[in-house]
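Please look through the sequence and the structure shown here before reading on. The report that follows describes them part by part, under short headings.

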Amino acid sequence: MAEERQSPPVLHGRRVAVVVLGDFGRSPRMMYHASSLLSVGSDVTLIGYSGTPLIEELRRADKRFFEPFEWRKLRNFSYMLFALLKLAAIVVQLSWALLTTQRPDAILVQNPPSAALPIVVAIAV
């Protein structure tokens with residue numbers, strides 16, 4: 001009886017960016033997705049906020065972490081100004097992280113929040 005051959009996973013050897021608009025270490029689902037991608041041979045770049053330690057499997061992944069926008073005094077003074085500046089900071093940080101990463105073959109985005117989607121789509125196109 002002939003031995004069945006399994007085809008290699010679709011993302012083997014491909015570059016994949018995993019984007020979380022929050023503390024990456026506080027998103028177990030996205031960490032396990034990234035871990036699974038690494039286990040099938042994908043070149044994974046993690047993009048999100050720094051903070052909580054990652055699971056052991058993700059220590060070898062490329063990382064593009066940035067600090068969250070937290071100006072408490074401005075937030076207490078004017079929430080609208082704080083919200084606009086926070087949105088601008090997210091756009092700049094996420095754009096910079098994606099543009100300084102080797103162009104991925106696929107991008108996995110945590111949703112919600114949906115704020116990252118327009119930025120990812122604009123840069124990916």
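## A helix and its expected length

The expected span of a helix is 1.5 Å times one less than its number of residues. In this predicted model, helix H1 has twelve residues and should therefore span 16 Å, and because its end C-alpha atoms are indeed 16 Å apart, the two values agree.

Helix H1 also has a buried side, and the residues of H1 that count as buried are Met30, Met31, Ala34, Ser35, Leu37 and Leu38. Around the axis they cover an arc of only 160°, which means that they lie on the same side of H1. Among the elements that cover these buried residues of H1 are the strands S1, S2 and S4.

## The chain as a whole

The chain contains four helices and four strands, and when it is read along the sequence, these elements follow the pattern β-α-β-β-α-α-β-α. The C-alpha trace spans about 75 × 30 × 25 Å along its principal axes.

The chain has 125 residues, of which 36% count as buried. If one takes the contacts in the chain with a separation of 6 or more, 58% of them are accounted for by residues 24 or more positions apart.

## Strand S1 and its partners

Where does strand S1 stand in relation to the rest of the structure, enclosed or not enclosed? Strand S1 covers residues 15-23, and because eight of its nine residues are buried, S1 is largely enclosed by the rest of the structure.

Strand S1 pairs with strand S2, residues 43-49, in the parallel sense over six bridges, and in this pairing Asp23 has Tyr49 of S2 as its bridge partner. Strand S1 also runs parallel to strand S4, residues 106-109, and four bridges join these two strands; here the bridge partner of Ala17 is Ile107 in S4. Together with helix H1, which covers residues 28-39, the strands S1 and S2 make a right-handed β-α-β unit.

## From helix H1 to strand S2

Just after H1 comes Gly41, which takes a positive phi of about 95°. Val40 has its place in the loop between H1 and S2, and because its relative accessible area is 30%, Val40 counts as partly exposed.

Which residues does Val40 contact, leaving aside its neighbours within four places in sequence? With those neighbours set aside, Val40 is in contact with Pro9 and His12. Val40 and Arg14 are 26 residues apart in sequence, while in space their C-alpha atoms are 9.8 Å apart.

## Helix H4 and its two sides

In helix H4, which covers residues 116-124, the buried residues are Ala116, Ile119 and Val120. Seen down the axis of H4, these buried residues fall within an arc of 95°, and they therefore line one face of the helix. On the other side of H4, Pro118 and Ala122 are exposed.

What do the buried residues of H4 pack against? They pack against strand S1, helix H3 (79-99) and strand S4, and strand S1 is itself described above as largely enclosed, since eight of its nine residues are buried.

## Salt bridges

How many salt bridges does a search of the whole structure find? The search finds three salt bridges. One of them joins the side chains of Arg26 and Asp23, with a distance of 3.7 Å from N to O; Arg26 counts as exposed because its relative accessibility is 66%, whereas Asp23 is the residue that has Tyr49 as its bridge partner in S2.

Another salt bridge is formed by Arg59 with Glu56, where the closest N and O atoms are 3.4 Å apart. Arg59 has a relative accessible area of 46% and is therefore partly exposed, while Glu56, at 57% relative accessibility, counts as exposed. The side chains of Asp62 and Arg64 also meet in a salt bridge, at 3.0 Å from N to O. Asp62 counts as partly exposed because its relative accessibility is 31%, and Arg64, with a relative accessible area of 25%, is partly exposed as well.

Conventions
Residues are numbered from 1 along each chain as its sequence is written. This is a predicted model: local features need pLDDT of at least 70, side-chain atom pairs count only at pLDDT 80 or more; totals for chains, interfaces and linings use all residues. Side-chain values use heavy atoms; hydrogens and water are left out. A salt bridge is a side-chain nitrogen of Lys or Arg within 4 Å of a carboxyl oxygen of Asp or Glu. Buried means under 20% relative accessible area, exposed over 50%, partly exposed in between (1.4 Å probe, protein chains only). Two strands pair if DSSP finds at least two bridges between them. A crossover is right-handed if, with the strands pointing away from the viewer, the path from the first strand over the helix to the second runs clockwise. The arc is that of the directions from the helix axis to the C-beta atoms. Contact means heavy atoms within 4.5 Å.
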